[in-house]
2 protein chains.
Amino acid sequence: MAGSLKRNDSIDEIAAPGVSEDRIRARNVQKILSAAVEVFSRKGLDGARIVEIAKASGLPKGNVYYYFSSKEEIYNATIAHLIHSWDEAFQHISADREPAVAIEDYVRTKLEYARQNAAETRLFANEILQGAGHLSGEARDHMRSITAEKAKVIDAWVAAGKMVKVDARHLFILLWSATQFYAEFEALACDALQVDQLRTADYNLAAKTITQTVLGGLLPRPS
Amino acid sequence: MAGSLKRNDSIDEIAAPGVSEDRIRARNVQKILSAAVEVFSRKGLDGARIVEIAKASGLPKGNVYYYFSSKEEIYNATIAHLIHSWDEAFQHISADREPAVAIEDYVRTKLEYARQNAAETRLFANEILQGAGHLSGEARDHMRSITAEKAKVIDAWVAAGKMVKVDARHLFILLWSATQFYAEFEALACDALQVDQLRTADYNLAAKTITQTVLGGLLPRPS
DNA sequence: AAAAAAGTTGACCGTTTTGTCAACTTCTAT
DNA sequence: ATAGAAGTTGACAAAACGGTCAACTTTTTT
């Protein structure tokens, strides 16, 4: 008997803590959410069909509705957690580090996250593309404040002469867009790179190209 | 009577040449396609409802079906033209120019196009996100060959010592992602920049930040 | 001015889709 | 072992949706 196990009404198990949470509810909710992220990331809220989510989760449709009362509820549950990776990678941008290593770490972390969580990354892109109407006000406030905070770090680096004068917020956008592109627009990236699938080598060269270009620039330096 | 005016079966008036093409068919097809680009760009093929397209175009649903025989036909008509901006901006990347001015021109052109054609840009993003299944093989081949061709220009610049050694294809991805971001993810860009709407000044600073960073890099140069 | 062609429209039909439910099975606590 | 709670399921109802159409109006041709 592992504690009192009443009813579990809340839906916040998109990332199970341990390994095999054996409670049936937790397991099935997880199955549904994983499938939902995949489907929503391709089709968006209105384009996704719940039978598709049901099939992808291996559960019959009726069972999906046993855990969630509507498609929108599933959708909201999937996007509720999307902001986390934002801060996480952002932790690398801290005032007491050297810009070069901080930015390189940031790029590598963000690229790696996007690669390992391609569906979530696409889902986020899809949600923003549609106008971000389902992101909670708090989530957006949070992103805004984290961005502002980290922008100050860049400004401090500039003030300390460790970096060329640059607009911190546009710089972040440059880094976000580049690091998310490979996961969001994989089909396009594959075409451009003339491969049929992005492999580790491609991601490594992406990281190298981004950091090298952003940090050192393209123009040859006068010796 | 301005010449022979038979029937116009082809659907290629997404960008009317003159101003007020007065033929009813042309005008209405245009209305529908414009509305469709807007709706598809937010919801995708499956998520878009044709009543929504009808409403946005100001025409009743039945009338929409007088000009198009299915939703997919409308969708295909909207994406058929998306590749054009690709080459157009790419024209700036030519071997006989200096890298610095070529890349700056490219960034500004692409940014400006994305701003002025935000819905098309989002539609393209949406289509790629969903796997690019409706882009014709020829369109993708075309993009592949143009990319390869322009990659050679970069390689030549590198060989001539005009640029630091860099992977041309990943560099293009870096430029694409940055220049498209503002139109595709406007909601996010607005949050990051703390504005409620992107204005000319924001686009100018974006262009400046991208070119400055990509060309010169962030790290201070040894004098 | 009359006829033909093109365009307009709301009502309609079959299908898909969301969401419900009652009968059933499995699990868990005692 | 048993009772009650939790979970499962296919069948079903209601609504939304894609697409059709016949009657109608407007435009163009002669």
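The surface near DNA strand C, where near means that a heavy atom of the residue lies within 4 Å of the strand, is made up of nine nonpolar, four polar and five charged residues. In this tally Ala, Val, Leu, Ile, Met, Phe, Trp, Tyr, Cys and Pro go down as nonpolar, Asp, Glu, Lys and Arg as charged, and the others, Gly among them, as polar. The model is a predicted one, so local features need pLDDT of at least 70 and side-chain atom pairs count only at pLDDT 80 or more, while totals for chains, interfaces and linings use all residues. Residues are numbered from 1 along each chain as its sequence is written, chains are lettered from A and ligands numbered from 1 in the order in which they are written, and side-chain values use heavy atoms, with hydrogens and water left out.

Both chains reach the strand: of the 18 residues around it, K61(A), Y65(A), N28(B), N63(B) and Y67(B) come nearest. On the DNA side, 71% of the atoms within 4 Å of the protein belong to sugar or phosphate, and the rest to bases. Chain A offers some polar contacts here (pairs of N or O atoms within 3.5 Å; within protein, one must be able to donate a hydrogen and the other to accept it, and residues adjacent in sequence count only if both atoms are side-chain atoms). The side chain of K61(A) puts an N or O atom 2.4 Å from a base oxygen of DNA strand C. Phosphate oxygens of the strand lie 3.0 Å from a polar backbone atom of K71(A) and 3.4 Å from a backbone N or O atom of A48(A). Two or more residues of this surface come from each of α3 (61-67) of chain A and α1 (24-47) and α3 (61-67) of chain B; helices here are DSSP runs of H or I with at least four residues, and strands are runs of E with at least two, numbered from the N terminus. The largest share, four residues, is down to α3(B).

Then there is the meeting of the two chains. Contact (heavy atoms within 4.5 Å) takes in 63 residues from chain A and 63 residues from chain B. Six salt bridges link the chains, a salt bridge being a side-chain nitrogen of Lys or Arg within 4 Å of a carboxyl oxygen of Asp or Glu. One of them pairs D191(A) with R140(B), with the closest N and O atoms 2.9 Å apart. Polar contacts join 26 residue pairs across the chains, both residues at pLDDT 80 or more. The largest share of the side of chain A that touches chain B, 11 residues, comes from α9(A).
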